[in-house]
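Take a walk through this structure with me. We begin at the ligand and then move out to the domains and helices.

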Amino acid sequence: MKTFAIITLGCKVNQYESQQIRQLLESNGLCQVANSDGADLIVTNTCCVTSIASSKSRQAIRKALRNNKNATLVVAGCLPASPTDELGDIGGNTLVVGQKSHLGHKLQTLINENSTKQPTEYSKPTQNAEIKHKHPPRTDNDADKLNLLRSYTGQSRAFVKIQDGCDGFCTYCIVPTIRTELNSKPEKAVLKEVSALVYAGHREIVLTGIFLGAYGRQTVRRWKWDEPRKNLFAGLLDKIASVDGLERVRLSSLEPADVRDELIEVFCKHRNIMPHLHLPLQSGSNSILKKMCRQYNIDAFLETAEVLQKKLDRPAITTDIIVGFPGETEKDFEETMTVAKKVGFAKMHVFSFSRRKNTPAYSMDNKLAPEVIKQRSKILHELDEKGQEIFREKFSGEKVGVIIEDTAERKGRCERYFMVSFAGNKPLERGELVYGTLNEDGKTAKLTH
Ligand code: SF4
């Protein structure tokens with residue numbers, strides 16, 4: 001076994017875990033290939049958050065098997081861990097890992113049985129890695145586990161998972177049946193990992209988790225927390241932002257109720273924490289939020305947005321909204337529109353409700369007709385287009401810092417997460433932080449340096 005490929009589906013947490021898998025395989029002497037065709041080992045890191053995600057995962061597995069008759073295929077991630085039984089019979093030379101915590105050891109055993117190669121001391125660069133990483137020396141003998149990352153390949157921003165698991169059981173969500181155990185990475189380990197990634201050349205770190213605000217807690221249910229006022233996540237963020245050389249830190253998603261004074265103070269204290277918060281609203285109607293079992297109401301959400309807008313400099317507040325939840329009336333939908341307009345989201349991710357097996361919402365009454373959901377989704381998308389434009393244009397004529405993600409298109413994301421592209425011929429490197437003055441369109445900028 002000499003080469004491997006990883007096929008990743010799903011969220012940032014899955015993407016982080018794929019990097020851990022890559023690191024383990026590379027430290028065992030295997031070399032990553034960008035195209036799975038011809039790889040000796042293929043790991044599919046699956047997603048099953050919706051039935052469409054499950055079906056895409058199954059397609060990826062089937063395609064990998066079809067095109068690589070001699071490869072060993074590992075099926076990992078959420079699909080085999082879920083109670084949905086959607087994986088089905090796969091066949092072929094396949095190892096299915098249903099228990100997430102067993103993956104590292106299972107992979108190590110598989111490699112030991114199939115490889116004569118000795119572990120290398122450092123990770124080898126992968127074929128599709130464009131950032132030139134410096135690899136810090138390994139300090140521990142950890143090749144048999146999925147460990148802290150020392151580099152992140154394939155993209156300029158590095159994700160760092162600090163928390164896993166949820167027991168919130170929002171009625172539309174399957175995650176608590178898959179990522180059942182809540183755990184938080186110890187502070188020392190987080191700081192070590194962030195420092196290593198900064199050393200490897202990453203300018204921006206994105207903190208990810210299933211429920212970031214539950215960092216350090218055994219449950220996401222706030223009414224069960226000891227010392228509920230204590231903001232453990234804010235304390236960690238304060239320390240992360242102080243890591244030497246870290247130019248930018250961003251949060252992936254935070255529940256609205258987790259944005260409290262202490263966290264806002266940390267945002268105000270550190271210039272390298274990006275003024276961007278992703279706060280999933282899901283619905284602007286209190287009765288729908290109640291049916292979803294969300295832990296906030298609309299007044300609290302609006303108050304949070306207002307405080308953020310007062311304390312931070314025009315923060316980008318982005319969100320997720322589900323349209324067409326069972327029982328959503330025209331009035332509920334109008335309330336969602338009203339809240340969206342009041343907040344002025346920098347970006348809304350609009351999802352049409354789709355029934356998910358093994359969730360309470362699957363069997364709820366008063367389902368909406370698909371045409372109604374489609375129409376409401378269209379209206380929200382239009383509002384989002386306009387909202388994004390209005391938000392970006394607030395910054396025209398101002399200086400923006402952009403980390404280049406796409407060198408061909410000469411573009412990347414700025415502090416407030418919207419895409420900015422640069423005209424001209426001056427070569428730009430992936431992962432480079434460049435500054436420019438934003439044009440009136442709020443999308444393009446002139447390079448200043
Ligand atoms: S908080 Fe709700 S939506 Fe988020 S992972 Fe937990 S159950 Fe799912």
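**Around the ligand**

The ligand is surrounded by Cys166, Gly168, Phe169, Cys170, Cys173, Val175, Pro176, Ile210, Phe211 and Val220. Here a residue is near a molecule if its C-beta atom, placed from the backbone, lies within 6 Å of it. By class, this shell holds nine nonpolar residues, one polar residue and no charged residues. Ala, Val, Leu, Ile, Met, Phe, Trp, Tyr, Cys and Pro count as nonpolar, Asp, Glu, Lys and Arg as charged, and the others, Gly among them, as polar.

The model is predicted: local features need pLDDT of at least 70, side-chain atom pairs count only at pLDDT 80 or more, and totals for chains, interfaces and linings use all residues. Residues are numbered from 1 along each chain as its sequence is written.

Now step back to the domains. The assignment, automatic or from a database, gives domain 1 (3–114), domain 2 (157–393) and domain 3 (399–447). The C-alpha centres of domain 1 and domain 3 are 35 Å apart.

Next come the helices, which are DSSP runs (H or I, at least four residues) numbered from the N terminus. Helix H5 (residues 187–199) packs with helix H6 (residues 232–241) at about 30°, their axes 10 Å apart. Axes are lines fitted to C-alpha atoms over the stretch in contact, and angles run from 0 to 180 degrees between N-to-C directions. H5 is therefore roughly parallel to H6, a term for angles under 35 degrees. Glu187, Val190, Leu191 and Val194 of H5 and Leu236, Lys239 and Ile240 of H6 make the contact (C-beta atoms, placed from the backbone, within 7 Å).

H6 also meets helix H7 (residues 261–269): their axes come within 8 Å and cross at roughly 10°. So H6 is roughly parallel to H7.

Terms used:
Helix = DSSP H or I, 4+ residues; strand = E, 2+ residues; numbered from the N terminus. Parallel < 35°, antiparallel > 145°, perpendicular 65-115°, else oblique. Contact = placed C-beta atoms within 7 Å.
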